[in-house]
Amino acid sequence: MSNQISNEDFPVIRCIGIGKSYSKTTEAVRNVDLTVNHGEILVLLGPSGCGKTTLLRLIAGFEEPTNGTLSVGGQLVSMPGKFVKPENRKVGMVFQDYALFPHLNVGKNIEFGIDKSNKSNERLEKIIDLVGLANLLNRMPNELSGGEQQRTALARALVPNPTVMLFDEPLSNLDATLRIKIRAEIKEILKQAQATTIFVTHDKEEAMFLADRIAIMHDGRIEQVDSPEQIYNKPSTKFIAEFMDPASFVDANIADEHTLQTEIGNINLINPIDTNYQNLQILIRGNNILLNTEKGTSIVDSVDFRGSHYSYTVRLESGKIIEYISQENILEVSQPVSVIINNKLPVHIYQNEKYVSSNNVSSK
Amino acid sequence: MYKSSQPILQIMSLIVLLLIAVPLVYVAINLISSPNKFIEYITDQKTLFLAWNTIILSFTVTIASICISVPLAILTIRSNLPLKRLFRVLLCLPLVFPSYIYGFLFIILFGPKGVVYNIFKQIGIQQVPDLYGFWGAFACLTLLSFPYIFISVSSSLIKLDYSYEEVSSSLGKSFWYTYGKVIIPLLKPSIIVGAVLVTLYVVSDFGAVSLLQYKSFSAVIYNQYQTIQRGAAASTSSILILIGLLSIWFYRPDSANTDLYRSSATVSRNNKLIDLSYLKWIITFFIILLVFISVIMPISVLIYWGYNYTINYDDFFKISSIYNSLYSSLIGSIATVVFAIPIALLITKHKSYFSKIIEKISYIGFVLPGIVVALSVVYFGINFAMPIYQTIILLSIGYIILFIPVAIGIIKPILLQINPKLEESAKSLGASNFKIWKNINLPSMMPGLTGAFAIVFILIMKELPATLILSPLNFNTLATSVWTHATEANFGMAAVYSGILLLLTGLPMFILLNKGIRK
């Protein structure tokens with residue numbers, strides 16, 4: 001893998017203005033710009049039908065973009081008038097249902113991608129060790145468990161030393177326990193192999209676990225590319241905020257440069273805010289607020305036990321519903337409460353449902 | 001669970017089995033009564049020659065059919081060929097022709113002084129290869145039977161997920177490598193299923209080989225029978241029955257349906273079709289040529305000769321042949337379906353070693369040539385059932401043996417789909433056995449029964465050798481009329497009967513076929 005060190009200077013994948021439309025009215029992917037760096041795991045996350053799998057297939061070369069340019073490993077593989085076939089792109093693909101060749105045993109599946117002449121190559125043995133399949137090489141795919149099939153598909157894609165590994169929701173067919181175990185295995189293997197990876201999923205937990213960076217796709221567009229923490233904590237749009245976790249937005253007016261007036265009381269900002277802003281909202285998640293049970297105009301709407309915590313929904317005076325989470329089961333349905341902001345956490349400010357800035361709250 | 005009805009079913013199945021086993025008894029009696037004669041006969045040079053002829057014909061036709069149909073299936077499903085849906089339908093059309101009709105149309109077209117001969121002569125080519133013998137039979141049967149493989153492979157390929165191709169190409173493999181190492185191996189089971197059908201078709205074919213004067217088993221047995229060489233005919237038949245019996249043990253209709261691969265469950269994506277670029281038009285031309293030779297030319301000749309004949313001599317036509325065809329098909333198909341019911345019930349609802357054997361034996365008709373079944377039934381009639389000899393009853397027994405596997409094959413999957421809970425819940429509501437049968441079992445079996453009836457009806461109407469041998473005296477059906485006139489080279493008259501027969505069987509068969517392909 002020595003030859004890859006020099007590659008670290010430029011992005012392994014570079015999409016510029018990539019679009020794919022099947023007819024004038026259906027655009028699966030719209031004007032996507034995306035770069036993936038060497039050794040990085042980028043997760044394409046979004047609801048079903050958002051175009052994430054299509055984008056992956058465009059990068060693999062299974063479909064041809066309608067516009068834009070695409071380069072893989074520094075080689076221009078797709079632009080108007082030029083199209084490099086998938087077999088010449090050096091991409092490794094792991095499918096949702098693995099697509100192991102059912103007529104070949106595990107060993108034959110894994111070595112499918114290398115030439116006959118160097119069957120005894122070092123990399124092959126290393127990868128087989130890495131995925132722990134050395135004892136199963138003579139098994140047929142239908143004799144493998146879900147996890148073993150997964151690892152076989154992974155090994156098969158890794159063996160030819162691809163420039164980039166592409167995963168199309170490979171865990172969605174597994175049951176919950178196995179999924180968690182295998183995603184850990186996959187991450188371990190990819191990091192050890194220093195593989196540059198694009199991983200498509202609709203599961204946000206999976207995304208946050210695996211990703212170095214997450215790209216959120218919505219309606220054919222990429223809305224935000226950032227680290228998992230940034231995506232969760234500072235979602236750039238209302239859509240992302242709500243997709244990542246239950247979230248609500250509460251309207252805020254600027255009283256002065258240190259004070260926001262909201263339905264849940266005044267919020268005192270430590271850093272000044274530009275007083276020219278209008279139509280502001282603040283993002284409220286279950287841990288952003290505190291409840292005061294003594295008196296109040298808000299009402300507890302529902303109580304849900306979630307194992308590690310309780311999840312409450314609270315109806316504000318205006319009718320808006322927000323979530324509150326707590327370790328304690330102290331509230332009852334229909335109980336009146338008052339809501340105040342949790343000043344231990346920063347507050348995230350939005351304008352017209354787009355992220356503006358974050359600020360710390362003073363306790364005063 | 002259902003044990004109450006089991007003994008009745010077993011007894012009914014045994015009775016049916018005795019009928020179906022007539023060919024086996026026939027062989028056994030032949031072997032036991034004069035074993036020396038049999039051994040002498042099968043080691044005879046002439047027999048070996050016949051065996052060689054039959055093997056070489058079925059082998060070459062099967063190979064040629066595979067070579068034609070597998071690429072055609074791939075092209076009409078996975079490529080950007082224009083009109084591929086239409087081609088997929090047209091390429092199945094030869095199946096509607098019975099081989100004896102196709103045979104004589106082939107002679108009109110390609111025979112000495114035939115249509116093609118005259119065209120060639122006009123452009124100055126005198127040397128036209130001789131149609132009679134191997135090459136004629138080979139060409140005729142290949143065009144007639146390649147759709148079996150085409151249909152079988154197509155229906156597999158339609159279900160085959162594109163991800164195998166995509167994985168292979170992402171691993172750096174070319175189109176040819178991918179097809180050679182992945183797709184074709186995955187299609188192998190369906191190729192084999194189709195190839196078995198083609199081989200059986202060729203081995204049991206009687207009409208085309210006889211008309212084209214190729215000496216294979218079926219043609220020769222009929223000759224021996226006609227010339228009252230009963231012993232020789234019996235020995236030749238015995239060989240075929242023994243071969244058929246062996247092949248039953250290898251034929252597993254159930255395993256034929258289990259595909260090796262996972263079929264595409266996910267939403268079909270916009271998968272890349274094979275880009276034929278400039279080859280597209282050359283391939284289109286060859287497919288049109290194939291359709292032209294295999295379907296359009298025979299049909300045109302049929303219409304032309306039939307029409308000409310009708311305006312000139314229509315008073316020779318015997319309308320009774322239509323009645324007779326409909327009558328014998330009706331009786332035969334009802335009998336076949338009724339006899340198939342107990343066996344189908346037994347093998348789906350009471351799985352046991354006994355039912356497995358019954359299932360195997362019921363396939364006999366599938367692997368035996370019609371002529372052999374007919375001879376054994378004649379023997380049975382003459383020796384044990386003289387009162388029904390040369391009656392519609394004996395003819396129906398022949399049909400039952402021949403077509404009961406088809407009927408069982410259609411009824412069985414429908415029975416398997418019926419939820420056993422239905423019957424149990426009816427019982428829990430206190431319904432009597434009779435009521436359960438009348439209100440639940442029979443109605444839910446009905447689609448299977450009518451489907452089986454329709455297909456067996458068509459098959460019987462097209463059937464030739466058993467009808468020829470087992471019919472009552474002076475009982476002319478459409479099939480036997482075509483045959484009689486074709487063998488006397490009275491092609492015009494044969495064309496008239498063929499036209500009617502094709503209208504009655506071809507159209508419904510085509511509709512059923514299309515349903516099958518779409519599924």
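Modeller: Domain bounds come from an automatic or database domain assignment. Keep in mind that this is a predicted model.

Colleague: Thanks! Which domains does the assignment give for chain A?

Modeller: Chain A is split into domain 1, covering 2-236, and domain 2, covering 246-359. Taken over C-alpha atoms, the centres of these two domains of chain A lie 39 Å apart.

Colleague: Let's turn to the contact between the chains. How many residues does each of chain A and chain B bring to the contact?

Modeller: Chain A contributes 20 residues, and chain B contributes 20 residues. On the chain A side, strand S7 (residues 91-94) supplies the largest share, three residues. By character, that side of chain A has 12 nonpolar, four polar and four charged residues. As a general point, interface size is often quoted as the accessible area lost when the parts come together.

Colleague: Now to burial. Why does B:Ala73 count as buried?

Modeller: The test is a neighbour count: a residue is buried if 20 or more other C-beta atoms lie within 10 Å of its own. B:Ala73 counts as buried because it has 26 C-beta neighbours inside 10 Å. This alanine, B:Ala73, sits in helix H4 (residues 45-78) of chain B.

Colleague: And which residues does B:Ala73 touch, leaving out those up to four places away in sequence?

Modeller: B:Ala73 touches B:Phe150, B:Val153, B:Ser154 and B:Leu157. Of these, B:Ser154 is 81 residues from B:Ala73 in sequence, yet their C-alpha atoms are 5.2 Å apart.

Colleague: Last one: which residues touch the most other members of the largest nonpolar core?

Modeller: B:Phe104 and B:Ala340 do, in a core of 239 residues. Beyond its sequence neighbours up to four places away, B:Phe104 touches B:Leu211, B:Ala486, B:Phe491 and B:Ala494.

Terms used: Residues are numbered from 1 along each chain as its sequence is written. Chains are lettered from A and ligands numbered from 1 in the order in which they are written. This is a predicted model: local features need pLDDT of at least 70, side-chain atom pairs count only at pLDDT 80 or more; totals for chains, interfaces and linings use all residues. A nonpolar core is a set of buried Ala, Val, Leu, Ile, Met, Phe, Trp, Tyr and Cys residues joined through C-beta atoms within 7 Å. A residue is buried if 20 or more other C-beta atoms lie within 10 Å of its own, exposed if 12 or fewer, and partly exposed in between; C-beta atoms are placed from the backbone. Two residues are in contact if their C-beta atoms, placed from the backbone, lie within 7 Å. Helices (H or I, at least four residues) and strands (E, at least two) are DSSP runs, numbered from the N terminus. Ala, Val, Leu, Ile, Met, Phe, Trp, Tyr, Cys and Pro count as nonpolar, Asp, Glu, Lys and Arg as charged, and the others, Gly among them, as polar.
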